[in-house]
Every structure is written in structure tokens, then in C-alpha cells.
Amino acid sequence: MSKKLESLLELSKSIIHIENINALLDQLLYQTRRECKADAGSIYLVEEGKLRFSYVQNYTLALREENDRQHLYIDKTIPLNTESIAGYAASTEKTLNIPDVYNLPDDVSYHYNNSFDKATGYQTLSILTSPILTASGDLIGVIQLINKEDSLTFDEEDCDYIKHACDLASGAIERAHVSNETFMRMLRVAELRDPKETGAHVKRVGAYSVELYDAWARKQGISDSEIRITKDPLSTAAMLHDIGKIAISDKILKKPGRLNEEEFTIMKSHAAIGANLFSKSHLTIDRMACDIIGGHHERWDGDGYPAQLKGNQIPLTARIVALADVYDALISKRVYKEAWDEQEVLDYLAAQSGSQFDPELVELFLSIQDTIRVIRRRYQG
Ligand SMILES: [Fe+2]
Ligand SMILES: [Fe+2]
């Protein structure tokens, strides 16, 4: 069997069980980069009629800036038209192989946007771009492989490989896309019910949780592939942390003042109610959602709710989200409170280390503040 075919089979095996769209695309990018020997790669996803620069994997930058993950949150959307390289591949649904982005032929409609190179100091040369479509032909996004090894250019074999890989992934992408849409719809329903918990808040909590998990997992020596597989369900599940509030009556949910004891007891039931929504499934994301939703108000010292779990009895993912959620609630302005100063919030977290929060996680969270700040700016509102 040829090496390329073997690698395509390996790809199809590795993605068949991935339920989450982000994890799937991440894996697709990882495998195609490895097979086509690309130093870097990125994925743009279609969002509200535009292309959003959504993932970047970059070997050179990863080596250079081991702990600097800020470029992951560069906020960039580009119009879905033929003026950019990614836009061209998306609009025409064609694979585009460019040997040198700084020397494009005169007769093409697209140009190279060098803002990523400028922001990171990275030098892009060759780019292979291919559209990602679902099995039924809907455009999901665009995959780009950047800088073929040893300053070479991508060849016909690479073009074939990336096309086959995207085709192979299309069925799984479609399934994952539908399930992702369902989760996002649940979040929109929750936001309609409780405008205090904004979309921006849940996105930030999702992103902080992923970064905190990443720092924790690297410290434990967990493999890159396991980290990648865990991060995306974690992000979605973390965003769902307060989904149980859809079952709390408006009288309590929207009460402007403080809740009395009886109201607070009802409010607290959102953790168990939410967890129950996911408890009967054994899909990874559902199990993770169940742990997080059920455990995000537990405390390290056992004084939380609903089950008064203590220390490591609380699932790791719930300990992570508990910290991310409180951090964001304190540092943001809400209808009922002003935003706290960053230093005040960090002091609070440090003071609660070992009582409310897992001390190891507090320490890690304090150590990744540069990335946390970038996320805060990225998801404002
Ligand atoms: Fe909650
Ligand atoms: Fe929250």
C-alpha cells in the first residue's frame, strides 16, 4: 500500500470518532501538515458570510514561543470574495498552490495579506489552500498549508492529498457541524432566557478553560494529541456551564436585587438540572458537559454545591471552569456590579486558593495571564 494511502486511512480512522467540529478540523490540519511536510497551517471557518481565521498550527512559532499562545487569538475575519487567497479558494471551491506569496502573478485577483507575518515575525513563502466542504457541498471553511519543508514548494501529490483528505473528512465534518450547531443553539436559547449571562461571557469562559487545561496538561506531560482531543469538547462544555438556568423561573432569574434564601435554593438547582440534560449519553462531550455543569459550583474545601464534593473528587474540568467562571464574573461589569480591577481579581483568586479553588490551578492560571488578557480583549461585550 502506498504511504499516502496509508496516511489517508490513518486520517479516516483518527477522525471517525471525533464528535467535535473543532477537534476534527484540528486533526485534519495536523495530519495534512505532517503528510505534506508543511511548517505551518491554518483554518478559516465560514461565519456569518465571512471567513474567520480560526486555527493556526505553527511549528516554528511553537518552538520559538513555547508558552506564548497569544497569536492563537488573533481576531481576523476576511470577506468571502476572490481578493484574498483563502477567499479565492472558498469562492471558487478550487485548490490553489502558490510557490511564493510575495511574488504573485500580475493577472490574479487575489493578494497576500501579510498581517500575520508582520504580527509574529514569521516569514511565509509557499501556501497550499483548499476549500473544506460538507458531503452535501456546503462550504465549511478553508484549509491552508504554509511553507513546505526546506523552502520547497508544494507539488501535485500534496494537492491531491489535501483534496482527498478534505473529501474523506467531509462526512464527519457534516455530522460534527450539525452537533456543534445544536450546542450553539442551546447557548442562544440560554442567552435569550438570561441576558445577564452574555454570549461573550460564555465564550471567554470556554477559552480561559481551554488555556488553563492546556497549561495543566503540559505540566503533567500529557501528549499533544490527547491535549488536542480534549480541548474542543472542553471549550463547548465549558460554555454550557449555566445551561441549567433555562429551568429557573423568570421571577428568580431576572430578579434585580438579592435573592432570599428560598430563591437561592431554587437558583442553586441549576447545576443539577443542567447536568441531568447530559447524564444519559456517553459521548465524550456530553460526559464532559455533565461533569462541568454539575460541578462548577463545587468548592475545593467541600463547601460548594450541589454534592459538596471535595478536592480531587470534583472532576478536573469542573475545577477549571469554576475558576474561569468566577474570574470572568469578577473582572467584567455586570448589571448588578462594577468590574473589579485586574489586580483585585487576581488577589481574590490567590486568597481563595485551597478553599474555593484548586491551588494548583490557581497557580497555573496566574502564570498564563498574558494569554488570558488577550482572550478578554478578543471576546468583549
Ligand atoms: Fe452556575
Ligand atoms: Fe457563568
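Here are three short exercises on the sheet of this predicted model and the helices that pack against it.

**Exercise 1.** Work out the strand order of the six-stranded open sheet, and find which strands are at its edges.

*Solution.* Start with the pairs at one end. Strand 1 and strand 2 are antiparallel partners, joined by eight bridges. Next, strand 2 pairs with strand 3, again in the antiparallel sense, over three bridges. Now take strand 5 (residues 127-133) and strand 6 (residues 139-148), an antiparallel pair with seven bridges. The full order reads 3-2-1-6-5-4. Strand 3 (77-79) and strand 4 (96-98) are the edge strands, since each pairs on one side only. From one strand to the next, the twist averages 25 degrees.

**Exercise 2.** Follow the register from strand 1 through strand 2 to strand 3, beginning at Val46.

*Solution.* Step one: across from Val46 you meet Leu51 in strand 2. Step two: Leu51 also stands opposite Ile78, which belongs to strand 3. Step three: look at the turn. Strand 1 and strand 2 make a hairpin with two residues between them, and Glu48 in this turn has a positive phi of about 45 degrees.

**Exercise 3.** Describe how helix 4 and helix 6 are placed relative to strand 5.

*Solution.* Begin with helix 4 (residues 85-92): it lies across strands including strand 1 (38-47) and strand 2 (50-58), and runs at about 40 degrees to strand 5. Then turn to helix 6 (residues 156-193), which packs on the sheet and touches strand 4, strand 5 and strand 6. The direction of helix 6 makes about 30 degrees with that of strand 5.

Notes. Residues numbered from 1 in each chain as written. Chains lettered and ligands numbered in written order. Predicted model: local features only at pLDDT ≥ 70, side-chain atom pairs only at ≥ 80, totals over all residues. Pairing = 2+ DSSP bridges. Helix = DSSP H or I, 4+ residues; strand = E, 2+ residues; numbered from the N terminus. Axes fitted to C-alpha atoms, helices over the stretch in contact; angles between N-to-C directions. Contact = placed C-beta atoms within 7 Å.
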